[in-house]
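Here is a short tutorial on reading a fold. A learner asks, and a teacher answers.

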Amino acid sequence: MGPSILVAQHLSKVVPSAEGDLTILHALSLDLAQGDSLAIVGASGSGKSTLLGLLAGLDRPSAGKVILAGHDLGPLDEDQRARVRAEHVGFVFQSFQLLDSLNALENVMLPLELDGRRDAREQARTLLERVGLGKRLSHTPRQLSGGEQQRVAIARAFAAQPAVLFADEPTGNLDSHTGERISDLLFELNKERGTTLVLVTHDERLARRCRRLIRLEAGHLVAPVEA
Amino acid sequence: MTHMPLSRLCGLALRQLLRDIRASEVRVLFFALLVAVAASTAIGYFGARLNGAMQLRASEFLGADLVLQGSAPARDEQISAGKALGLRHAQVVEFTSVVGGDAGIQLSSIKAADGAYPLRGQVRSAAAPYAEETPGGGPAPGEAWVEPRLLAALGLSVGDSIDVGMKTLRMSRVLTYEPDRANNFYSLTPRVMMNLTDLQATGVIQPGSRVSYRDLWRGEAQPLAQYREGLQKNLAANQRLLDTRDGNRQIGGALGKAERYLNMASLVAVLLAGVAVAMSASRYAARRLDASALLRCLGLSRHQALGLYCLNWRCSAWWPHWRVPWSAGWPSWACSACCMGCCQAWCRPAESCRHWPVSPPAWLPWPASPCRRSQPLARCRHCAYCAVTCCRRHPAAGWCMAPPCWRWA
């Protein structure tokens, strides 16, 4: 494994509620090397997605700090964190989050266009061919199956060549067979491109494919596991 | 993505707009805009034309645009002030007097008018009672036009003479219609119309006589208003100004109601247009929430997102602008910018993660989280919620947007 790409130190998240402050994460620490893969598992409401949001810089911790690709996210404002995300982070969502008005090619082109890449179309086409959708370039998300949509989403996530890929329940909306194919694709691309993978899942089989696994219970890290 | 040049942002906005148009995303909004603007334009234009036509028609019931009426002749400076403004002038003197014929006498309503009378509408007369009417003209000096009932009362016929005071006038025609004939005391008795130049010779106007002097004016709205304003400052106690509203109470009332109705129709059209545009913009903005959040996830900053959507909407607002030239772009932009600006600029990336089962407090109902005190995630939801659903939940807010938009347009 390479140097650390993602470090969390004593990470806590507290939110106010009607009954008083509610602690979602309790002083959680982890260190992830470049090219590593981490699965976060746990019951619903255990804080998995909150942890993912904090690690990706989508939300701010109440205490502790996150260092992503050498950037301490704590002192950064929202726009600066957006810049870090643009340069180092990719996302795969459970519900794909493809833009309905764009076809598959344009969806994959989007991060490349935002980055001002002149070869956006060619890059997007290559990635879609890599995920097996070379003949579905002009199809809109409504014309694609769930598995195909997730493949487009994965192609989009890898388009900007992120250092860290965050995936939230990437197979959650798919049947087991399609989910298996998607996870194969995810790990293949992860290996090909040396991307660090952080995924939240309920799927134990998918979690076991990661090199590292952590289990959360009510915001506490109960089982750090090296696979 | 440290710095995105404006040209790239414009390119992205244009591409996004073209993709949206291709995907029918913005057609509903465009259609709502076009219908709203066309309806409000049509009603406004039609209302203005209808109002103008009614005003013109109503002025015929007065015989002029403006009348200075008094029991004494208007002062010279009052007349010269109107003529200096380029207004057309006519003079009428009305009084009641006994008219004598060979067979008897008859109390009559005399109208002495100069050659310019009437300034609006036309007098109609006939060569004999119940004969075909001829519009225009007026009695020449030495002549009188009389109503048929005077002929019947005095047993005379056209061509005979009558005496008005000390002046003998020949009844040359039968008077069938005068535009400013009012339903007042003078109209109870048969009308005799004579030329104003003969009035002095009749000798019936004496000190203390009950006489109505009417100075009729016609002209463009602006000088007419200027003249009216000047006159009102120094009207004598026995003088008053009449226009189409107060010259005839029934006509004025009907005109007022018609104007109020047209104004109300225009206002309703504007309100409906505003609501339609606000609703479609709100729908469009709501559908864009995920997209803008995704853009933020992909690393677009708040300002870049705001710039992208503002440019996108500026481009889209031009589209109806080309078709309905006077305003469509601006209301569309105004309404949509209110929704889109708030939503897209302040929507944080976590907003996209409704599919992530985020912590329970963040899912509290948005309005329950005050902007200043809530956590950032809840705050951005609150802001987005307020902007997008403001019109949906509080139609009055949507309506409130219409007048400024209209004003802006």
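Q: Where does helix α1 of chain A lie, and at what angle does α1(A) run to β1(A)?
A: This is a predicted model, so read every value as computed from it. Helix α1, residues 48-55 of chain A, lies across three strands: β1, β2 and β4 (63-68) of chain A. Its direction is about 125° to β1(A).

Q: What is the order of the strands in the open sheet of chain A?
A: Read the order from one edge to the other. Here four strands run β2-β1-β4-β5 in chain A. The pairing is antiparallel.

Q: Why is one side of β2 and of β5 in chain A left without a neighbour in the sheet?
A: β2 (20-33) and β5 (71-72) of chain A stand at the edges. Each has a single partner strand, so one side of each has no neighbour in the sheet.

Q: Over how many bridges do β1(A) and β2(A) pair?
A: Strand β1 covers residues 4-17 of chain A, and its antiparallel pairing with β2(A) spans 10 bridges. Take one residue as an example: Lys13(A) has Leu25(A) in β2(A) as its bridge partner.

Q: How are two packed helices described?
A: Two values do the job: the angle between the axes and the distance between them. Now try α3 (residues 104-114) and α5 (residues 146-159), both of chain A. Their axes come within 8 Å and cross at roughly 20°. Angles under 35 degrees count as roughly parallel, so α3(A) is roughly parallel to α5(A). The crossing of this pair, α3(A) and α5(A), is right-handed.

Q: Which residues make the contact of α3(A) with α5(A)?
A: From α3(A) come Ala104(A), Asn107(A), Val108(A), Leu110(A), Pro111(A) and Leu112(A). From α5(A) come Val152(A), Ala155(A), Arg156(A) and Ala159(A). Sorted by class, the contact of α3(A) with α5(A) has eight nonpolar, one polar and one charged residues.

Q: At what angle do α5(A) and α6(A) pack?
A: Helix α6 spans residues 176-193 of chain A. The angle with α5(A) is about 15°, and the axes are 10 Å apart. That makes α5(A) roughly parallel to α6(A). The crossing of α5(A) and α6(A) is right-handed.

Q: Which residues of α5(A) and α6(A) meet?
A: Among them are Ile154(A) and Phe158(A) in α5(A), and Ile182(A), Leu185(A) and Leu189(A) in α6(A). By class, the contact of α5(A) with α6(A) has six nonpolar, four polar and three charged residues.

Q: How many helices and strands does chain A have?
A: Chain A has seven helices and 11 strands. Of its 227 residues, 52% are buried.

Notes:
Residues are numbered from 1 along each chain as its sequence is written. Chains are lettered from A and ligands numbered from 1 in the order in which they are written. This is a predicted model: local features need pLDDT of at least 70, side-chain atom pairs count only at pLDDT 80 or more; totals for chains, interfaces and linings use all residues. Two strands pair if DSSP finds at least two bridges between them. Helices (H or I, at least four residues) and strands (E, at least two) are DSSP runs, numbered from the N terminus. Two residues are in contact if their C-beta atoms, placed from the backbone, lie within 7 Å. Axes are lines fitted to C-alpha atoms, for helices over the stretch in contact, and angles run from 0 to 180 degrees between N-to-C directions. Angles under 35 degrees count as roughly parallel, over 145 as roughly antiparallel, 65 to 115 as roughly perpendicular and the rest as oblique. A crossing is left-handed if the near helix is turned anticlockwise from the far one by less than a right angle, and right-handed if clockwise. Ala, Val, Leu, Ile, Met, Phe, Trp, Tyr, Cys and Pro count as nonpolar, Asp, Glu, Lys and Arg as charged, and the others, Gly among them, as polar. A residue is buried if 20 or more other C-beta atoms lie within 10 Å of its own, exposed if 12 or fewer, and partly exposed in between; C-beta atoms are placed from the backbone.
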